[in-house]
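These entries record what I looked up in one structure, taking the sheet, the helix packing, the cores and the charged pairs in turn.

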Amino acid sequence: DVLYLALLLLRWQEDQTAFGVDLHDILACPPCDVAIVRPGETAAIQRILLPVRGGPHAELALRISLALAQAHDAEITALHVAPPLPQAAEDAPFVNLMPVLQQLSPVTRIVTLHRHIQASILSETRQHDLIVLGATARPKDAPVAIGDVTARVFRSTRVTAIAVKTRQEMELPQPPAPDTVAAPAGYEAISIVVDKWFAENTFHSHEFEDLGRLVELKKSQG
């Protein structure tokens with residue numbers, strides 16, 4: 001039998017190992033998508049912070065944030081740390097990610113800041129209970145496997161932090177042509193607006209057992 005993993009969940013260790021394996025090796029060639037968790041002090045999750053730039057791990061970070069928001073009835077703040085120049089090419093991925101975020105009801109705030117990435121994230125975490133951000137695979141000789149900014153956030157924030165990395169790098173979307181209104185684009189429109197927000201939020205058959213109540217609701221709505 002072959003076991004196929006969808007997500008490998010690891011606890012952050014300061015020595016950057018997991019099950020005796022160097023974290024650099026795991027992130028350089030992961031067997032599946034990876035989420036590294038640094039537990040925080042807050043148990044209840046009501047507000048989730050999602051730093052986004054539209055990078056290669058944006059879809060995975062968004063999916064995990066949506067799943068946690070659904071499980072805890074929480075709200076998501078999308079934090080965009082913009083580059084110094086408004087039209088900078090490095091900001092192109094976020095341009096196409098914005099329409100996707102605007103269609104997702106759990107994303108109640110989209111905040112754009114023009115300052116240092118780490119300072120922006122740590123400032124916003126004071127108002128949140130959980131943060132989900134992308135990790136960065138580093139060379140073997142790099143001191144921090146998940147990237148310097150992510151590691152500093154892990155060490156500085158008191159809330160639970162999750163760093164994610166996809167198994168395969170994704171092709172970054174291109175910016176829309178000038179003077180055009182672009183449809184959601186990039187990563188196949190972030191998997192068609194995250195599979196139409198988990199198939200319109202997901203329900204269970206038990207919710208529809210009382211047929212009489214459903215009929216009355218339909219009548220009341222005309």
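Before listing partners, I note that two strands count as paired if DSSP finds at least two bridges between them. The model is a predicted one.

**Entry 1: the sheet.** I began with S1 and strand S4 (residues 33-38), which run parallel and are joined by 5 bridges. To fix the register I looked up Leu-7, whose bridge partner in S4 is Asp-33. I then traced the whole sheet: it is open, has 7 strands in the order S1-S4-S9-S8-S5-S6-S7, and its pairing is mixed. S1 and S7 each have a single partner strand, so each stands at an edge with one side left without a neighbour in the sheet. From one strand to the next I find an average twist of 20°.

**Entry 2: strand S6.** Next I took S6, which spans residues 75-81. Which strands does S6 pair with? On one hand I find strand S5 (residues 47-51), parallel to S6 over 5 bridges; here Leu-50 has Ala-78 of S6 as its bridge partner. On the other I find strand S7 (residues 107-113), also parallel to S6, over 6 bridges. In that pairing Thr-77 stands opposite Arg-109 of S7. I also checked burial and found S6 mostly covered, with 6 of its 7 residues buried.

**Entry 3: helix H2.** I looked up what H2 (residues 58-72) packs on. H2 lies across S1, S4, S5, S6, S8 and strand S9 (160-165). Its direction makes an angle of about 175° with S5.

**Entry 4: nonpolar cores.** The largest nonpolar core holds 28 residues. Which of them touch the most other members? I list Leu-23, Ile-36, Ile-131, Ile-146 and Phe-154. I followed Phe-154 further, leaving aside its neighbours within four places in sequence: its contacts are Trp-12, Ile-36, Arg-38, Leu-133, Ile-146, Ala-161, Ile-162 and Ala-163. Apart from this core lies another, of 26 residues, including Ala-61, Ile-64, Leu-101 and Val-107. As general background, nonpolar side chains in soluble globular proteins tend to be buried together.

**Entry 5: salt bridges.** How many salt bridges does a search of the whole structure find? The search returns 4, and I noted details for the following pairs.

Glu-14 pairs with Arg-155, with 3.3 Å between the closest N and O atoms. Glu-14 is in the loop between strand S1 (7-11) and strand S2 (17-18), and Arg-155 is in helix H5 (residues 148-156), so this salt bridge links parts 141 residues apart in sequence. Arg-155 has a relative accessible area of 45% and is therefore partly exposed.

Asp-129 and Arg-47 form another salt bridge, at 3.8 Å from N to O. Asp-129 sits in the loop between helix H4 (117-125) and strand S8 (130-134), while Arg-47 belongs to strand S5, so the pair ties together parts 82 residues apart in sequence. I asked of Asp-129: buried or exposed? Its relative accessibility is 8%, so I record Asp-129 as buried. Arg-47, at 34%, is partly exposed.

Glu-59 and Arg-63 meet at 3.0 Å, N to O. Both lie in helix H2, 4 residues apart, about one turn of the helix. Glu-59 has 9% relative accessibility and so counts as buried, the cut-off being under 20%.

How values were computed. Residues numbered from 1 in each chain as written. Predicted model: local features only at pLDDT ≥ 70, side-chain atom pairs only at ≥ 80, totals over all residues. Heavy atoms only, no water. Buried < 20%, exposed > 50% of the residue type's maximum accessible area, 1.4 Å probe, protein only. Helix = DSSP H or I, 4+ residues; strand = E, 2+ residues; numbered from the N terminus. Salt bridge = Lys/Arg side-chain N within 4 Å of Asp/Glu carboxyl O. Axes fitted to C-alpha atoms, helices over the stretch in contact; angles between N-to-C directions. Contact = heavy atoms within 4.5 Å. Core = buried A, V, L, I, M, F, W, Y, C linked by side-chain atoms within 4.5 Å.
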